[in-house]
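Please look through the sequence and the structure shown here before reading on. The paragraphs that follow move through the charged contacts and then the metal site.

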Amino acid sequence: MNFEPIIGLEVHIELSTKSKMFCGCPAEHFGVSPNTQVCPVCLGLPGALPAANKLAIENCIRFGLALNCEVSEFSKFDRKHYFYPDLPKSFQISQYDLPFCINGKYESIRIKRVHMEEDTGKLIHTNLNGKKVSLVDFNRSGVPLVELVTEPDFRSVDAVVKFLKEIQLTVRYLGISTADMEKGSMRLEANISLRVKEQESKRVNELPDYKVELKNINSFRYLTKALDAEIKRQAELLEDGKKIKQETRGYDEDRDRTFSQRSKEEAQDYRYFPEPDIPPIRIGELKIKNLKFKFPELPSQKRGKYQKLGLSANYIEVLVQERARADYFETALALAKQYNISEKEIAGVMVNQNLDGKFAEPAGLVKKLVELQNVDYASQADVEEAIKKVVLDNGKAVKDYQAGKEQVLGFLIGMVQKELKGKGKIELIKETLISYIHGR
Amino acid sequence: MSGLTTDEILHLSRLANLTLSKKETTTLKDQLSDVINYFKELKKLRTDDVSPTSQTTGLEDVLREDQVDATRILTNDEVLSGTDKTHNGAFVVPQVIDKDL
Ligand SMILES: [Zn+2]
């Protein structure tokens, strides 16, 4: 049978604020000695009064806006109850029926909600004197945490990874979190089920009657492997005509398979109720406008812009992957305009020669390019002319390159250079040549 | 109306992490049922013109700026003063998740 995975995601992102969500303790906790950044509020001591961090709420909303969500005009916090040693109050302050952001859409993926909550403490599982114990550190307790929940709109593991990478990049562009998976500032959970593909046309909106939750995923690589293993497991069970149990599973990398985590005896019943210690929050049009006003250009917008400049997909991705680099490129571009230096040339020396690493300021890089220019290089028009001729004369080499023989590129560049009597700039030739061949 | 069933009481006790004796179960069943039944009195009130609220203070938007307040931070000794089960500055608790599972 041909199965198709149905995947939804929950993404947790720790915000990089200075202080915690409901108290003034420092939020940065990585590498800090245990239980040295805690106060009565984040330790859940009786009588402590939480007060919500304004910047954290604003950043949660900015994130929601970047995902095209609606912002709730009226919002509040709720208590979510469960027992676990990393949760000192035995409830987590979260949001239930009135999250800050709802109904977003990111490309084809529907975003159910984006809400604000507090992180839990950290448990280290270890052995002490032959006993299995957990060490509890509350430095992370109360750190602002944003939770993003998608609808089950993913139909492949690749789509999941692509989406998450874009989320990570967006968060970094917004400057609201490092979204570092290894340090735990971005954490993933996926729910996954399979359905027979042929059914899709007949039962378009019908989802399987079960879903398996995959937890504790801490890298993209791990995510891909865990999802692949779980899809394989479910497909095998379904092939055998078996039913799949709704449960939470973890992933064992050594054995490359998922395993059942002890399921709670009680069905999830968190007994949410409104947090009485924190008054509700009203977010007017004006506030939303102000937040939008402070919006940086997002990766997708930058890509669009660079495409219009005629840069190749490879160049665009390299530049966009770091906001600082994209900003550098744009500043250099603005400075270079008067010297008749092309976008491709600037992008080329950044991507291929890391010249932006050599010149801290874009002005330095442009100056360098101007100096090189005076060496009387062939113009962009001459380069294009030469490329046209070489491509026409070397049909076979071009075909080989298109078929994936990367090394042929060097030969073609050499031919163009010959045509230009050695006066061409290699980077410019390369970039122009690639986009010319791909554009054909 | 009869109020809560024994099963519901047991469900609640598990959620609250409480172990109840048979006698306590019966007592709590009656007491909680009384409380629930008392809430039915509220149904007599006319609430058509009252919008729902979860707050009584009437306050909104009580927020704090994102600033570190080190004066409220406790020392590690203070943090751990309520327990004698500690290790390198951390609390020690029995392991809840068996990682080898
Ligand atoms: Zn605190």
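A residue is called buried when its relative accessible area is under 20%, exposed when that value is over 50%, and partly exposed in between. By this scale B:E65, at 48% relative accessibility, counts as partly exposed, because its value falls between the two limits. The model in which this residue sits is a predicted one, and the values below should be read with that in mind.

B:E65 is a useful place to begin, since its side chain forms a salt bridge with A:K54, with 3.4 Å between the closest N and O atoms. This contact crosses between chains, running from the loop between strand 1 (63-64) and helix 3 (76-79) of chain B to helix 1 (residues 54-66) of chain A. The partner on chain A, A:K54, is also partly exposed, with a relative accessible area of 32%.

Over all chains the structure holds 39 salt bridges, and another of them lies within chain A, where the side chains of A:R187 and A:E14 meet at 3.9 Å, N to O. This pair links distant parts of the chain, given that A:R187 belongs to strand 12 (residues 186-196) and A:E14 to strand 1 (residues 3-14), 173 residues apart. As for their surroundings, A:R187 is partly exposed, with a relative accessible area of 23%, whereas A:E14 is buried, with a value of 8%.

A further salt bridge in chain A joins A:E330 and A:K305, whose closest N and O atoms are 3.0 Å apart. Because A:E330 lies in helix 8 (residues 323-336) and A:K305 in helix 6 (residues 299-308), the pair ties together parts that are 25 residues apart in sequence. A:K305 is partly exposed, at a relative accessible area of 33%, and both residues belong to a network of salt bridges that also links A:E297, A:K302, A:R323 and A:D327.

The metal site is also found in chain A, where the zinc ion is coordinated by the SG atoms of A:C23, A:C25, A:C39 and A:C42, at 2.3 to 2.4 Å. The angles among the four donor atoms run from 99 to 115 degrees, and the site is tetrahedral. For four tetrahedral donors the ideal angle at a metal is 109.5 degrees. In sequence the donor residues follow the spacing C-x1-C-x13-C-x2-C. Among them, A:C25 and A:C39 are 14 residues apart, and each lies in the loop between strand 1 and strand 2 (52-53) of chain A. A:C25 is buried, with a relative accessible area of 1%, and A:C39, at 2% relative accessibility, likewise counts as buried.

Terms used. Residues numbered from 1 in each chain as written. Chains lettered and ligands numbered in written order. Predicted model: local features only at pLDDT ≥ 70, side-chain atom pairs only at ≥ 80, totals over all residues. Heavy atoms only, no water. Salt bridge = Lys/Arg side-chain N within 4 Å of Asp/Glu carboxyl O. Helix = DSSP H or I, 4+ residues; strand = E, 2+ residues; numbered from the N terminus. Buried < 20%, exposed > 50% of the residue type's maximum accessible area, 1.4 Å probe, protein only. Donors = N, O, S within 2.8 Å, 3.2 Å for Na, K, Ca; no water. Tetrahedral: all angles 85-135°; square planar, octahedral: opposite > 155°, others 65-115°.
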